Amino acid sequence: MIAVSILKRLLMAAITLFGVAVIVFVLLRVVPGDPIAMMISPGASPESIAALRAQYGLDASLPVQFLVWLKAVVVGDFGTSISLRRNVLELLAERLPATLELAIVALLVAVVLGGAVAVLGTLLRRTPGEPVVDTVNGLCLAVPDFVWALALVLVLGVAFPVFPLSGRINPGVQVDFATPFYLIESLVTLRFKVFADVAAHMVMPVLALGLPLAAIITRVLKEALLEAMVQDYILLARLKGMSSLRLVLQEALRNAIGPTIALTGVQFTFLIGGTVIVERIFAYPGIGNMAIDAVINRDLPLIQGLVLVFGALFIVINLLVDMLVVAFNPRLRHG
Amino acid sequence: MTASLLSISGLSAVSDREGGMPILRDVSLSLERGEVRGLVGESGAGKSTIAKALLGILPRTVRVTGGTVQFEGRDLLTMPARELRDIMGAQISLIPQDPQTALNPGRRIEAQLTDGLRLRRGLSSREAHARALKLLEEVQIRDPQRVLHAFPHELSGGMRQRVLIAAAFALEPKLVVADEPTTALDVTVQKQILRLIRDMQKVHGTAVIFVTHDLGVVAQICDSVTLLYAGKVIEAGATADVLQNPKHAYTKALMAAGPRYDRPDAGLEPVPQAVFEQLRAEIGIR
Amino acid sequence: MADVALTPPAVRRSGLSKNLRAMLREPKVLVGGGFILLLLLVAIFAPWLAPKDPLEQDLMLGNLPPAGYPGTEPGYWLGTDDLGRDVLSRVIYGTRIALTVAFVAAGLAALFGTVLGLIAGFYGGWADKVISRLVDIWMAFPPVLLSILLVAVLGSGIHSVIAAIVIIDWTRFCRVVRAETQAQAKMDYVVAARTIGFPRLHILIREILPNVAPVLIALVSLEMGIAVIVEAILSFVGLSVSSDTPTWGGMIAQGRQIIYQGWWVLVAPLVVLFATVLAFNQLGDGLRRALDPVMRR
């Protein structure tokens, strides 16, 4: 039963991804700017322009261009970036891990922080502490990642320069990484100094991405927890001698968490969208930052590759979230 | 007097939400060990306020203005919170009204049934499992092994109520408060559940406060009955005495009004307005 | 019951002043709306309010700090940027782009979304299926990425920014209006109006729309806040209006680059941007409370 539904979802995901590919391809072919015009030196001969055009396959008709591109993508060939003159797949493989590390750490921070504040707010319910938690959280809800990022730049970067303002690692740190996952690799290989440097570079972008999500998690989870806390089973559990904290964590949380997981999944895709601007602000070398450059330079092969990667990420996340929701709900588990 | 398990005397309370309106007026009642006492009244009569006071779960909006609730000679109302927590659930337990919401939908029956055994009695999970199996057999669940591993949504309403009864008796309490435990169930299941509570109570020698609005239920299960209106005790005594020889006009009217198991074909007559007026005059409201 | 059934639950024309009074009683509406009104006046009267020409460069007066710090020049209250342009004047002129985008983009997104939402919710059937499917597909795209992609396709400029916001965010309105319309269509007063034989369009516009309006108005206010942020992001990236038009996002980008020489170039527009977003949020929240007949009780 579950296997069938997962298979169905995977098929749907493939179709969606194909749709995204088609839309992006068509959309970018109607772009007014000419990518070749941006890479040639002024005064190049018409012949050399035509040669370049042919080299990037831009002289064929649209459907042919699409088929050629699709065929190549299926075998893992995303083409060559026009602005960076490098293999797109290589570029993505180099930059994607940076963004993944950033997004996942931000997600963890958001879940832990948002969850903790939600539990705190629930424990403080109907006390003077509750409106304080609600007000602070309400304020955080109104602050988007863009504003968080810049506020952090000012406070932790300039006023109290605690953390580095840009990049992923201090250029003075001499290390050879075997993988592009700097954070994980430095931790696994126990190079703590390097790990600390990489982590320090991540603090501000992680906070900028994680804090808005934390605020959303707090609001939704606290509401669900409060709803669960007035149920009779909580009353009975209290009579069994459970402490307030245990009531929230053991009894209420498992029933309240379903909607929160579903919402966190959707919001996590927004968070990944947010890496685009946050990476830009912190000059962090991920795919988000690269996406902006690609758009500005009208680098078609790179944009296509990037959008496909983003699309695939969203689809995988949605799939995982659906499975998690089922796993946490015994009612759905037994269908 | 000191021999009484429970003795409520002169208990008065007001609701702060409704501008200090009295919701209990000088209520007194006592309960012996192993006695089943019906607490009867329409909604708002104060019966569930008494039940909540017994369990130490009065809402913040209810303020006790006088009286004592002595359980084995100690006043529950003035007892330190920690001592109160040791009594609640262990010596005084609850059979809740709605089995739909009284079981945690996210936890297996075994976990919920053995919480108290592990937390309060310090049983190992194996001992608790064995005890839980026995309890489920006692409440006449046919396939206890399966039920222990089930989630609440896999059980019928009657089954859930049986589980909750098992949980209420798990720690061998001296007093069980049954808060309208059959109102959410089918009529056929109601009878079985009533009989089960009666059986469990006899086997364990437990006293029961049975909150209900149904005099028919009282006739079936209770040794004695206390009838309330607007927070005031209207009539109290042994069930047989009260039902066969009601002293108050309200009791008589109520007996004529209710749908009853013993006489399902009896006509329903609403309580006459004059009776309410008499009641209000006696109690002294408006 | 029969005679009340024809009166929609939310008050109409006759109750307009009542709604207005309810709105003015809500502190969030007063504070948020007051700030937006102030901003609107600043945008309109920018040429009179701005102490300097926002475009005038004076390299001799570059990176002046705000008043109160050492080394200031009189008349430059919030200092100057690295090209010697007056920060205060640029922030004042920046309100024009921000508010234009906020009102036009949110208004158009609301218009398209509402029309489609009303159709989907009221007529149901295949219209509902098509529109709902469209919304689902739309929601699969991450907004920030889509807006950058769209602006890349449409070319930079304020029209593209507005178009991008409308194209992305009409779904917000469509989803809410559809759900609300479906709920209203089941109410007694709509059923009654139908049995009497009112034309469907009449019912939709005269009976249902007024009851959807409170939610809609609150949503528009929130959307304006979102539009202000999106415009700032696109300006920050350099994909909005041309760089010689002062915008908050453009100033922020500039300030980020010269953060160590002139942090104030970043602070001033950021504070105003945040205050504006917060004001739209508060206004939306307050309007929802004030206009919702259920919440008012």
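# Exercises on a predicted three-chain model

Of the 335 residues in chain A, 39% are buried. Please keep in mind that this is a predicted model. The exercises below start with chain A and then visit its neighbours.

**Exercise 1. Describe the overall make-up of chain A: which elements does it have, and what does its C-alpha trace span?**

Solution. Begin by counting elements: chain A has 14 helices and zero strands. Read from the N terminus, every element in the order is therefore an α, as the run α-α-α-α-α-α-α-α-α-α-α-α-α-α shows. Next, take the extent of the C-alpha trace, which is about 85 × 55 × 40 Å along the principal axes. Finally, look at the contacts in chain A with a separation of 6 or more: 73% of them join residues 24 or more positions apart.

**Exercise 2. Find where UniProt places the feature "transmembrane region" in chain A, and work out how much helix residues 136–160 and 261–282 hold.**

Solution. First, go to the record. An unreviewed UniProt entry gives this feature at residues 12–31, 102–124, 136–160, 202–221, 261–282 and 302–328 of chain A. Now turn to the model for two of these stretches. Residues 136–160 of chain A are 84% helix and 0% strand, with 23 Å between the end C-alpha atoms. For residues 261–282 of chain A the figures are 95% helix and 0% strand, and here the end C-alpha atoms lie 29 Å apart.

**Exercise 3. Split chain A into its domains and describe the side of domain 1 that touches domain 2.**

Solution. Start with the bounds: domain 1 of chain A covers 2–74 and domain 2 covers 89–334. Their C-alpha centres are 32 Å apart. Then count the contacts, where 13 residues of domain 1 of chain A meet 13 residues of domain 2 of chain A. On the domain 1 side, helix 1 (2–29) and helix 2 (35–39) of chain A each supply at least two residues. Helix 1 of chain A gives the most, with nine residues. Last comes the chemistry: this side of domain 1 has ten nonpolar, two polar and one charged residue.

**Exercise 4. Work out which part of chain A gives the most residues to the side that touches chain B.**

Solution. Count first: 15 residues of chain A are in contact with 22 residues of chain B. The elements of chain A that give two or more residues to this side are helix 10 (232–239), helix 11 (244–281) and helix 14 (330–333). Among these, helix 10 of chain A gives the most, with six residues. By class, the chain A side divides into seven nonpolar, three polar and five charged residues.

**Exercise 5. Decide whether helix 1 of chain B is mostly covered or open, and see what follows this helix.**

Solution. Helix 1 of chain B runs over residues 47–55, and seven of its nine residues are buried, so a residue here often has 20 or more other C-beta atoms within 10 Å of its own. The buried ones are K47(B), T49(B), I50(B), A51(B), A53(B), L54(B) and L55(B). After the helix comes G56(B), with a positive phi near 70°.

**Exercise 6. Describe how helix 4 and helix 7 of chain C pack.**

Solution. Two packed helices are described by the angle between their axes and the distance between the axes. For helix 4 (residues 87–123) and helix 7 (residues 158–185) of chain C, the axes come within 5 Å and cross at roughly 35°. The crossing of these two helices of chain C is right-handed. Their contact holds 23 nonpolar, eight polar and three charged residues.

Terms used:
Residues numbered from 1 in each chain as written. Chains lettered and ligands numbered in written order. Predicted model: local features only at pLDDT ≥ 70, side-chain atom pairs only at ≥ 80, totals over all residues. Axes fitted to C-alpha atoms, helices over the stretch in contact; angles between N-to-C directions. Helix = DSSP H or I, 4+ residues; strand = E, 2+ residues; numbered from the N terminus. Left-handed = near helix turned anticlockwise from the far one by under 90°. Nonpolar A, V, L, I, M, F, W, Y, C, P; charged D, E, K, R; others polar. UniProt positions renumbered as here; feature names shortened; annotations may be inferred. Domains from an automatic or database assignment. Contact = placed C-beta atoms within 7 Å. Buried ≥ 20, exposed ≤ 12 C-beta atoms within 10 Å, placed from the backbone.
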